[in-house]
Amino acid sequence: MSLKYAVLAALLEGESSGYDLAKIFDVSVSNFWSATPQQLYRELERLAADGLIDARVVQQERRPNKRMFTLTDTGLRDLHAFAAEPPRPIAIRDELMVKVQAMDGADPAATRALIEERMEWSRGKLARYERLRLHLLGGREEETYLREAERVGPYLTLMAGRSLEESNLRWGERVLEILDRRCEYAAKGATTGDSHG
């Protein structure tokens, strides 16, 4: 999938500037699609040229003028057609997994530090997701929101992001337990070996 559809989907929230979209991507879309602000601005230009979004200039007195983008009917039809197509299988490319795969014989403390860093990152993302969840709910109970809200797509993708980070934390805790046990076992083996030496 190209960035195109992630941008079109983000514009379902309403008219946005490129800056607003970058914030949306950073906060709510980042759990399933990443893009730099430069990539977003280039994609906005392409989408406007293709007639999938409209752009208008807003005059500002003390700041540079800004462009505001909205979905066109053509863009909305294209997005709805895309939403009905079967997705490609998930392709995961995770550098940490390569490092863990290659950890045997390497420094266990270095591997432990990498796992702890990933877990801290997951905790940070979960905290951001919780703030977003509370914002989306707007004081409503979750079931009420899911039943009555005009749009639930952002909440459903947020649920997936939260599940992923919770899974990362469970995996990290288990890996740290295993590393600790292996270190204890190696230390006992070394002590036993010394006493018989």
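1. Charge distribution. The protein chain carries 29 positive and 32 negative charges, and the mean positions of these two sets lie 2 Å apart. The coordinates behind this and every other value in this note belong to a predicted model.

2. Overall dimensions. The radius of gyration of the protein chain is 23 Å, whereas a compact globule of 197 residues would have one near 16 Å. The C-alpha trace spans about 80 × 45 × 40 Å along its principal axes. Both values should be kept in view when reading the points on burial and surface below.

3. Secondary structure. The protein chain contains 8 helices and 3 strands. In sequence order the elements follow the pattern α-β-α-α-β-β-α-α-α-α-α. The pattern thus closes with a run of helices, and helix 8 covers residues 153–195.

4. Burial and surface. Of the 197 residues in the protein chain, 29% count as buried. The exposed area of the protein chain is about 13500 Å², and carbon and sulfur atoms supply 53% of that area.

5. Contact range. Taking the contacts in the protein chain with a separation of 6 or more, 58% are accounted for by residues 24 or more positions apart.

6. Largest nonpolar core. This core has 20 residues, and V7, L8, L11, L21, F25 and I53 are those with the most contacts inside it. Two or more residues come from each of helix 1 (3–10), helix 2 (18–29), helix 3 (37–49) and strand 3 (66–71). Helix 1 gives the most to this core, with 6 residues.

7. Surroundings of L21. Once its neighbours within four places in sequence are left aside, L21 is in contact with V7, A10, L11, S16, L40 and L44. Among these partners, V7 and L11 are also listed with L21 as residues with the most contacts inside the largest nonpolar core.

8. Another core. Apart from the largest core lies another, of 10 residues, including L96, L126, L169 and L176. Of the residues named here, L169 and L176 have numbers within the 153–195 range of helix 8.

9. Status of I178. Is I178 in helix 8 buried, exposed or partly exposed? I178 counts as partly exposed because its relative accessibility is 34%, which falls between the 20% limit for buried and the 50% limit for exposed.

10. Distance from I178 to R131. These two residues are 47 residues apart along the chain, and a separation of 33 Å is found between their C-alpha atoms. The I178 end of this pair is located in helix 8.

Terms used:
Residues numbered from 1 in each chain as written. Predicted model: local features only at pLDDT ≥ 70, side-chain atom pairs only at ≥ 80, totals over all residues. Heavy atoms only, no water. Helix = DSSP H or I, 4+ residues; strand = E, 2+ residues; numbered from the N terminus. Rg over C-alpha atoms; globule rule 2.2 N^0.38 Å. Buried < 20%, exposed > 50% of the residue type's maximum accessible area, 1.4 Å probe, protein only. Contact = heavy atoms within 4.5 Å. Areas by Shrake-Rupley, 256 points an atom, 1.4 Å probe, with all protein chains shown as cover. Lys, Arg positive; Asp, Glu negative; His and termini not counted. Charge placed at Lys NZ, Arg CZ, Asp CG, Glu CD. Core = buried A, V, L, I, M, F, W, Y, C linked by side-chain atoms within 4.5 Å.
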